[in-house]
Amino acid sequence: MSFNITSNSSDPKSQIMDQIRQEAAVNNARALISKVNGHCFDKCVPSPGTSLSGREERCLSACMEKYIATWNLVSRTYIAQVQKSAGQSGGGAVMDGLGV
């Protein structure tokens, strides 16, 4: 998985911050996948077997879509709140690009 977050400057500090943002985005994506797998599988596959039934596949698909949509909404809301707070307190760095 690769996120291409590029620096607007050749400044080493900016490059390090960009790398941190990229690593945070990858970690958030991994956390999302792990949570979706655990939550949705437990909910949709009560008795694991050698294959998934059509009902289990549909349940997993719907569950994942809802979970990811909710994750993205929460992420966007959080980032907006942080940006608003940073603007009111005189600025500061805001980590963006963390949504999946």
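**View 1. Cys40 and Cys63 form a disulfide.** In this predicted model, the sulfur atoms of Cys40 and Cys63 lie 2.1 Å apart. The bond joins distant parts of the chain: Cys40 sits in helix H1 and Cys63 in helix H2, 23 residues apart. Is this disulfide left-handed or right-handed? The torsion about the S-S bond of Cys40 and Cys63 is about -80 degrees, so the disulfide is left-handed. Cys40 is buried, and Cys63 is buried too. Setting aside neighbours within four places in sequence, Cys63 is in contact with His39, Cys40, Lys43 and Cys44.

**View 2. Cys44 and Cys59 form a disulfide.** Here the sulfur atoms are 2.0 Å apart. Cys44 belongs to helix H1 and Cys59 to helix H2, so this pair also links distant parts of the chain, with their positions 15 residues apart. The torsion about the S-S bond of Cys44 and Cys59 is about -70 degrees, which makes this disulfide left-handed. Which partner is buried, and which is partly exposed? Cys44 counts as buried because its relative accessibility is 2%, under the 20% cut-off. Cys59 has a relative accessible area of 24%, so Cys59 is partly exposed. The count for the model comes to two disulfides. Numbering the bonded cysteines along the chain, the pattern is 1-4, 2-3.

**View 3. Eight residues make up the largest nonpolar core.** The members are Leu32, Val36, Cys40, Cys44, Val45, Leu60, Cys63 and Trp71. Helices H1 and H2 each supply at least two of them. Which helix gives the most? H1 does, with four residues. In soluble globular proteins, nonpolar side chains tend to be buried together.

**View 4. Helix H1 covers residues 12–44.** Does the length of H1 agree or disagree with the expected span? At 1.5 Å a residue, its 33 residues should span 48 Å. The end C-alpha atoms are 47 Å apart, so the two values agree. Several residues of H1 are buried, among them Asp18, Arg21, Ala24, Ala25, Val26 and Ala29. Leu32, Val36, Cys40 and Cys44 are also on the buried list of H1. The cover over the buried residues of H1 includes H2.

**View 5. Helix H2 covers residues 54–88.** This helix has 35 residues. From first C-alpha to last, H2 reaches 51 Å, close to the 51 Å expected at 1.5 Å a residue. Its buried residues are Glu56, Leu60, Cys63, Trp71, Asn72, Ser75, Ile79 and Ala86. What do they pack against? The buried residues of H2 pack against H1.

**View 6. Lys35 lies in helix H1.** Lys35 has a relative accessible area of 45%, so this residue is partly exposed. Leaving out neighbours within four places in sequence, which residues does Lys35 contact? They are Cys40, Tyr67 and Trp71. Lys35 and Met64 are 29 residues apart in sequence, yet 9.8 Å apart in space, C-alpha to C-alpha.

**View 7. The whole protein has two helices and zero strands.** Of its 100 residues, 21% count as buried. The protein exposes about 7,200 Å², and carbon and sulfur atoms supply 54% of that area. Among contacts with a separation of 6 or more, 51% join residues 24 or more positions apart.

Conventions: Residues numbered from 1 in each chain as written. Predicted model: local features only at pLDDT ≥ 70, side-chain atom pairs only at ≥ 80, totals over all residues. Heavy atoms only, no water. Core = buried A, V, L, I, M, F, W, Y, C linked by side-chain atoms within 4.5 Å. Buried < 20%, exposed > 50% of the residue type's maximum accessible area, 1.4 Å probe, protein only. Contact = heavy atoms within 4.5 Å. Expected span 1.5 Å × (residues − 1). Areas by Shrake-Rupley, 256 points an atom, 1.4 Å probe, with all protein chains shown as cover. Disulfide = S-S within 2.5 Å.
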